[in-house]
Amino acid sequence: MTSSGTAEPAILGVTELTSDPELGARLVESAHRILADLVREGAALGWVEPPSRDEVAELLGHAVAAVQAGDGALRAAYLDRRLVGLGYWLRYVRPTHRPHADLEKIAVDVAVQGRGVGRALTAALIADARRAGVEILTLDARGDNSDALRLYRSLGFTEYGRLPDFVAVGERRYDKVFYMLDFRRQG
């Protein structure tokens, strides 16, 4: 693993996480802390209120099961053996959509945002999707999440749609923006 003075996080997959009992045992607690803190700060992760520990455990269990079935990828970013970010994609369930996958969550601890963790996680997940034979990797994001949208564009994603005022957070409304990365066009 890297030292805290190094900008590069260690990006681990499910195999590395499950082969290290200490990291595996702490994954749910650490992920819950990051996700709950981000949602409290207003992050666009799909929750209005911070998720419970059980919700995070279920989410991670679902992602790990998908990875084990060949239907997803889960990546975790560590600095000094401390979880600082995570993300995953899942294949679409419909038979006609199976060649494609959706990047469902990318979450980076507030304390390390702006240090390349989100970029490293997303790049690793893109590489996993390419290796898995995914043809199109999609994602959606809240329209006011300009840093994330800029990151996705810089990694080759293009916008393919937008639902105005679709996301409701109390009385506030935000656009839902759809992005895609078409591996078929990249050769």
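**Exercise 1. Describe how helix 4 and helix 5 pack in this predicted model.**

Solution. Begin with the geometry: helix 4 (residues 117-131) and helix 5 (residues 146-154) pack at an angle of about 45°, and their axes lie 11 Å apart. Next, classify the angle, bearing in mind that angles under 35 degrees count as roughly parallel and those from 65 to 115 as roughly perpendicular; helix 4 and helix 5 are therefore oblique to each other. The handedness follows as a further step, and here helix 4 passes helix 5 in a right-handed crossing. Then list the residues that make the contact, which are Gly 118, Arg 119 and Thr 122 on helix 4, together with Leu 151, Tyr 152 and Ser 154 on helix 5. Finally, sort these residues of the contact by character, which gives 2 nonpolar, 3 polar and 1 charged.

**Exercise 2. Carry out the analysis for helix 2 and helix 3.**

Solution. Start again from the axes: helix 2 (residues 21-40) packs with helix 3 (residues 53-68) at an angle of about 115°, with 9 Å between the axes. The crossing of these two helices, helix 2 and helix 3, is right-handed. Moving to the residues, helix 2 brings Leu 27, Val 28, Glu 29, Ala 31, His 32 and Leu 35 to the contact, where they meet Arg 53, Val 56, Ala 57 and Leu 60 of helix 3. Sorted by character, the residues of this contact divide into 7 nonpolar, 1 polar and 2 charged.

**Exercise 3. Set out the secondary structure, dimensions and confidence of the chain.**

Solution. Count the elements to begin with, which come to 5 helices and 7 strands, and then read their order from the N terminus, β-α-α-α-β-β-β-α-β-α-β-β. For compactness, compare the radius of gyration of the chain, 16 Å, with the 16 Å that the globule rule gives for 187 residues; the two are close, so the chain is as compact as a globular protein of that length. The C-alpha trace spans about 40 × 40 × 30 Å along its principal axes. As for confidence, the chain averages a pLDDT of 93, and 96% of the residues score at least 70. Confidence is lowest in helix 1 (residues 14-19), with a mean of 89, and highest in strand 3 (residues 82-91), at 98.

Note on methods:
Residues numbered from 1 in each chain as written. Predicted model: local features only at pLDDT ≥ 70, side-chain atom pairs only at ≥ 80, totals over all residues. Heavy atoms only, no water. Axes fitted to C-alpha atoms, helices over the stretch in contact; angles between N-to-C directions. Helix = DSSP H or I, 4+ residues; strand = E, 2+ residues; numbered from the N terminus. Parallel < 35°, antiparallel > 145°, perpendicular 65-115°, else oblique. Left-handed = near helix turned anticlockwise from the far one by under 90°. Contact = heavy atoms within 4.5 Å. Nonpolar A, V, L, I, M, F, W, Y, C, P; charged D, E, K, R; others polar. pLDDT = per-residue confidence, 0-100. Rg over C-alpha atoms; globule rule 2.2 N^0.38 Å.
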